[in-house]
Amino acid sequence: MKINIKDIMYYGRHYTDITSEPYWWFGKDDYQIYSSESLIKEYSYKDTDDILQSEYFIPLFQTDIIELEKEFLAEYNSRPLQDKTEKLVTQANGNFDLAFKTLIEVEEGMSENWYGFERKKLYNDAVNWCQKHNIKYQ
């Protein structure tokens with residue numbers, strides 16, 4: 001069996017400002033993706049620690065989207081853009097992700113650049129995760 005990277009890459013989107021615990025899991029026997037919620041409900045695991053101790057599931061890779069957004073903005077290295085971002089973060093009550101999404105929508109061409117940047121990072125992280133866990137992929 002092989003896993004299709006394009007099928008799993010977006011599961012890796014993670015917001016560490018919300019939680020550090022894994023939410024998506026890979027079933028080693030069936031190559032399926034499961035949520036923590038479904039594993040706890042359907043397979044009677046107590047919590048994510050219980051799932052981690054299992055020999056059947058591996059936590060999916062996690063790409064911190066907030067850090068990735070900051071990395072993306074750093075590549076622009078623009079003082080006016082930094083000022084706009086700070087203003088938007090203030091308006092969004094400190095919610096960087098919301099401010100970032102607003103910014104890329106109002107700045108011409110940024111949205112397309114961001115989604116390409118994110119897609120490439122998620123794809124690469126998924127491949128690295130597969131290699132680390134000796135999971136065949138295509």
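This note covers the salt bridges of a predicted model.

1. Overall count. The structure contains six salt bridges. Three of the pairs are taken up below, along with a network.

2. Lys 101 and Glu 69. These two side chains form a salt bridge, with an N to O distance of 2.8 Å. The pair joins distant parts of the chain. Lys 101 sits in helix 6 (residues 96-106) and Glu 69 in helix 4 (residues 65-76). The two residues are 32 residues apart. Glu 69 has 0% relative accessibility, so it counts as buried.

3. The network. Lys 101 and Glu 69 do not stand as an isolated pair: Asp 97 is linked with them in a network of salt bridges.

4. Arg 79 and Asp 83. Here the closest N and O atoms of the salt bridge are 3.0 Å apart. Both residues belong to helix 5 (residues 79-91). They are four residues apart, about one turn of the helix. Asp 83 has a relative accessible area of 36%, so it is partly exposed.

5. Asp 125 and Lys 121. This salt bridge lies within helix 7 (residues 110-132). Its closest N and O atoms are 3.3 Å apart. Again the partners are four residues apart, about one turn of the helix. Is Asp 125 buried or exposed? Asp 125 is buried, because its relative accessible area of 16% falls under the 20% cut-off. Lys 121, at 31%, is partly exposed.

How values were computed. Residues numbered from 1 in each chain as written. Predicted model: local features only at pLDDT ≥ 70, side-chain atom pairs only at ≥ 80, totals over all residues. Heavy atoms only, no water. Salt bridge = Lys/Arg side-chain N within 4 Å of Asp/Glu carboxyl O. Buried < 20%, exposed > 50% of the residue type's maximum accessible area, 1.4 Å probe, protein only.
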